[in-house]
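Good morning, colleagues. I would like to take a few minutes to walk through one model and its metal site. Please look at the sequence and the structure together as I speak.

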Amino acid sequence: MFWTGELIARTAPVRRRVAPPPWASPLAGKARAAYLGMAIGDALGASVEFMTPKEIQHQYGAHCEITGGGWLRLKAGQVTDDTTMALALGKAILSAGHVDALAAATAFDNWMRGKPVDIGNTVRRNLIQFRKTGHPEAQPSEHDAGNGAAMRVLPVALATYGQPAEQVIAASRAQAHVTHHNALSDACCETLIFMVQDFLAGQTADQVRSQRVVPLIEQFPIYAYDRKRSENPSGYVVDTLHAVLQGFFATDNFEDCLVDVVNRGGDADTTGAIVGLLAGAYYGYDAIPKRWLRALDEITRLQCEKQAEALIELSRGKPAQPADQTP
Ligand code: MN
Ligand code: MN
């Protein structure tokens, strides 16, 4: 019957359009892929956060779809503190026009008041301290070596792209020390930022390993990683970076990279977010599986896309958008 096709067309589910409009430049495209990679890694990993690799295998075989759930009982495509803190930081950078410690601390404090789905202990403790003192730099502490500052470095990497290394490092520490004033955390944050910037500049994985990872391990031998030491990574920044680096350099495409890392369990949303931002910057937008882009919460996806482009424009010397228009 002639109308059957029409009926099917009308009742077929509307597929969300994920093809992006043409972006301003290839650089902006890679920046966008890094942001989306972070959010996708967070959403994918959150389902298996705090599980062991054996538990994941038992429950999922291999966990490779964005399904939500997990201990936070997330909706499919929902992200956690890793992505929402990065977005809060990015917005503060765009409003201030540069990376500013007080603006970052204020943004994180407002973020905490919004009752986020999850929050790290060190983040909470040092933001409460900021409320008391108004001083946006936590006391140095050898105990504050969690991954909470490292998970949100991406907006700093984009905003400071092309700047001299000392300025990049100062910006990294300004945001990191709001909650994590610790040498191992600093080293991780700075390594990740320089890796992202090298990938945006078109460097290969081998080049970036010898320029950024080898010197890190020379300075901090604790960062030497192997497969065995990167199973079931904790929130300790060293364990986190072991899993991220081992997984990133052992795989050769975006999807395998994220699946490999989140299936190690442990702090899987955070290892997923961090390896996702590296993989996005390196492999680019077209390498991101479309099913993951479709599954990601749509408001989050749009915020990531807009913020990535605005931060890259900021790094190119274009004026930041007015505060009320920033994504
Ligand atoms: Mn999280
Ligand atoms: Mn986590």
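Let me begin with Asp-269, whose relative accessible area is 0%, so this residue counts as buried, the limit being under 20%. The model is a predicted one, and in it Asp-269 bridges two manganese ions, ligand 1 and ligand 2, which lie 3.6 Å apart.

Which protein donors hold the manganese ion (ligand 1)? They are Thr-80 (OG1), Asp-81 (OD), Asp-82 (OD), Asp-118 (OD) and Asp-269 (OD), at 2.0 to 2.5 Å from the ion. Along the sequence, these donor residues follow the spacing T-D-D-x35-D-x150-D. Thr-80 is buried, with 0% relative accessible area, and Asp-81 is buried as well, at 8%.

I turn now to the manganese ion (ligand 2). Its coordination comes from Glu-49 (OE), Asp-267 (OD), Asp-269 (OD) and Thr-270 (OG1), at 2.0 to 2.5 Å. Here the donor residues are spaced E-x217-D-x1-D-T in sequence. Asp-267 has a relative accessibility of 8% and therefore counts as buried.

Finally, a word on confidence. The mean pLDDT of the protein is 92, and 90% of its residues reach 70 or more. Over residues 1-12, however, the pLDDT is below 50, and this stretch makes 0 contacts beyond near neighbours in sequence. Residues 322-327 also have a pLDDT below 50, with 11 contacts in the model beyond near neighbours in sequence. Where pLDDT is low, the predicted coordinates should not be read in detail.

Technical notes. Residues numbered from 1 in each chain as written. Chains lettered and ligands numbered in written order. Predicted model: local features only at pLDDT ≥ 70, side-chain atom pairs only at ≥ 80, totals over all residues. Heavy atoms only, no water. Donors = N, O, S within 2.8 Å, 3.2 Å for Na, K, Ca; no water. Buried < 20%, exposed > 50% of the residue type's maximum accessible area, 1.4 Å probe, protein only. pLDDT = per-residue confidence, 0-100. Contact = heavy atoms within 4.5 Å.
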